[in-house]
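User: Hi! I'd like a close look at one part of this protein, and then a walk through how the rest is put together.

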Amino acid sequence: ADLIAGINTMIYNQTKSKGLDYECTVSDEIAETYVGDVMKLQQVLLNILGTAVKVTKAGRVTLDIRPVSEKGDRSVVRFTVNDTGIGIQEDHLEKIFSPFEQEDTTTTTVFGGTGLGLAITKNLVNLMGGSIRVRSIVGIGSEFTVDVPLTIDASAIVRPKLNLHLEKMSALIVDDDLIVCEQAQKTLQDIGMIGEWVTSGLEAISRVRANHAKSAHYDFILIDWKMPDMDGIETTRQIRRIVGPDVTIIIITAYDWESIELEAKAAGANLLISKPLLKSSLISAFQRARGQETPREQKPRSFDFTGRRVLVAEDNQINSEIARTLLEEKHLAVETVTNGLRAMELFLKNPAGYYDAILMDIRMPLMDGLQATVNIRHCNKTDARTVPIIAM
């Protein structure tokens with residue numbers, strides 16, 4: 001769940017800025033804990049998804065995650081990325097993972113980069129014992145498929161304590177994505193619930209009204225926030241008028257739900273949860289909605305960082321850009337440097353208290369993060385011993 005949430009947060013922000021749709025679907029057969037190299041797997045997926053976003057002018061980018069084989073505690077997990085981008089000519093597909101290969105100079109000017117991203121990606125996948133392949137149609141889009149062998153770690157799975165008896169409870173799923181509906185229904189059935197689905201807000205209102213007329217009701221209604229014609233908030237508002245306060249309404253959304261939380265609650269939603277709908281997150285949501293929240297499920301505190309300044313020392317451009325984006329979203333002022341020597345120079349140059357924190361990459365050219373930290377701690381500035389330095 002942590003891997004997926006981290007990837008989705010970054011890619012959702014990228015697609016949102018370009019006006020693209022982004023959807024992540026996770027099979028209900030996926031285990032919730034695996035043993036593997038989470039950082040390298042994240043790098044692989046971000047490289048592919050980042051490329052997909054870069055070459056897509058309109059439409060959508062999707063990530064699908066599902067197991068394709070399982071033997072004992074070993075599982076091959078398939079990550080499939082689809083886009084509606086410019087596509088790749090067939091005679092170029094064999095070269096796409098070679099360093100510095102780009103299809104032509106016209107695409108380079110629009111979508112150019114170092115040409116190393118996909119070569120590094122293929123190398124990482126090979127080192128993990130996996131495989132990567134691509135299919136594409138020019139003008140239609142591309143599909144990247146990554147298969148990675150992982151170990152299922154059953155001992156590390158934290159199962160929510162089921163204080164709420166969900167058997168035979170009913171739920172209605174409202175989402176314009178058919179795959180999301182079918183997978184959510186299967187997940188609900190796995191925990192003993194009766195699940196139905198519709199693909200629009202209008203259908204949901206009609207279904208709820210018909211049930212209400214027969215004195216029947218759903219225990220839970222899960223409504224996607226972004227739907228065509230009628231969004232999840234308006235759907236919630238109209239359903240709440242029909243059913244009154246007794247039915248639990250949960251808005252499901254792609255990752256940035258804090259911006260709509262107040263409006264959703266005012267419309268009558270009991271709570272909001274993020275996609276993808278993993279079994280444990282659904283059970284936790286149902287328990288929270290019924291007042292059986294456990295301490296570890298409580299919403300983390302939010303902080304206002306307006307007026308705070310952070311120095312980011314990071315030589316990898318992509319990592320630096322991601323860090324800047326995430327920090328600026330929390331209203332931090334961000335300055336970036338590419339090596340430890342420059343980080344030390346900027347710290348010494350500016351007055352005491354200028355930086356509220358320093359994010360320090362460990363490995364950098366000219367001077368690594370450890371040496372830069374030692375030098376800062378031993379200089380004679382008044383805040384040298386107290387400024388928070390966080391190793392990355």
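In which strand does Ser75 lie? Please tell me about its surroundings, and then about the helices and loops elsewhere in the chain.

Analyst: Happy to help! Please keep in mind that this is a predicted model. Ser75 belongs to strand S4, which spans residues 74–83. With a relative accessible area of 2%, Ser75 is buried, because buried means under 20%. A polar atom of the Ser75 side chain sits 3.3 Å from the backbone oxygen of Ser69. Ser69 also appears among the contacts of Ser75 once neighbours within four places in sequence are left aside. In that list, Ser69 is joined by Tyr34, Pro67 and Glu70, as well as by Val148, Pro149, Leu150 and Ile152.

Let's step back to the chain as a whole. The protein chain holds 12 helices and 15 strands. Of its 392 residues, 47% are buried, and Ser75 is one of these buried residues. Contacts such as those of Ser75 with Val148 and Pro149 bring up the question of sequence separation. Taking the contacts in the chain between residues at least 6 apart in sequence, 67% link residues that are at least 24 apart.

Next, a pair of helices. Two packed helices are described by the angle between their axes and by the distance between those axes. For helix H2 (residues 38–55) and helix H4 (residues 117–127), the angle is about 145° and the axes are 9 Å apart. Their crossing is left-handed. On the H2 side, the contact is made by Lys40, Gln43, Val44, Asn47, Ile48 and Thr51. H4 brings Gly117, Leu118, Ile120, Thr121, Leu124 and Val125. By character, the residues of this contact split into 6 nonpolar, 5 polar and 1 charged.

Towards the end of the chain, helices H11 and H12 can be read together. In H11 (residues 340–349), the buried residues include Gly340, Ala343, Met344, Leu346 and Phe347. These five lie on the same side of H11, because they cover an arc of only 165° around its axis. Among the elements that cover them are strands S12 (309–313), S13 (333–337) and S14 (357–360), along with helix H12 (369–377).

H12 has buried residues of its own, namely Gly369, Ala372 and Ile376. Their arc around the axis is only 60°, so they too share one side of the helix. The cover over them includes H11, S14 and strand S15 (389–391). S14 thus helps to cover the buried residues of H11 and also those of H12.

The starts of these two helices are worth a look as well. At the start of H11, a side-chain oxygen of Asn339 comes within 3.1 Å of the backbone nitrogen of Leu341. At the start of H12, a side-chain oxygen of Asp368 comes within 3.1 Å of the backbone nitrogen of Leu370.

Finally, two loop residues. Most residues other than glycine have a negative phi. Asp229 has a positive phi, near 70°. Asp229 sits in the loop between strand S9 (220–224) and helix H7 (232–243), and is exposed, with a relative accessible area of 81%. His331 likewise has a positive phi near 70°. His331 is in the loop between helix H10 (317–329) and S13. At 49% relative accessibility, His331 counts as partly exposed.

Terms used:
Residues are numbered from 1 along each chain as its sequence is written. This is a predicted model: local features need pLDDT of at least 70, side-chain atom pairs count only at pLDDT 80 or more; totals for chains, interfaces and linings use all residues. Side-chain values use heavy atoms; hydrogens and water are left out. Axes are lines fitted to C-alpha atoms, for helices over the stretch in contact, and angles run from 0 to 180 degrees between N-to-C directions. Helices (H or I, at least four residues) and strands (E, at least two) are DSSP runs, numbered from the N terminus. A crossing is left-handed if the near helix is turned anticlockwise from the far one by less than a right angle, and right-handed if clockwise. Contact means heavy atoms within 4.5 Å. Ala, Val, Leu, Ile, Met, Phe, Trp, Tyr, Cys and Pro count as nonpolar, Asp, Glu, Lys and Arg as charged, and the others, Gly among them, as polar. Buried means under 20% relative accessible area, exposed over 50%, partly exposed in between (1.4 Å probe, protein chains only). The arc is that of the directions from the helix axis to the C-beta atoms. A polar contact is a pair of N or O atoms within 3.5 Å; within protein, one must be able to donate a hydrogen and the other to accept it, and residues adjacent in sequence count only if both atoms are side-chain atoms.
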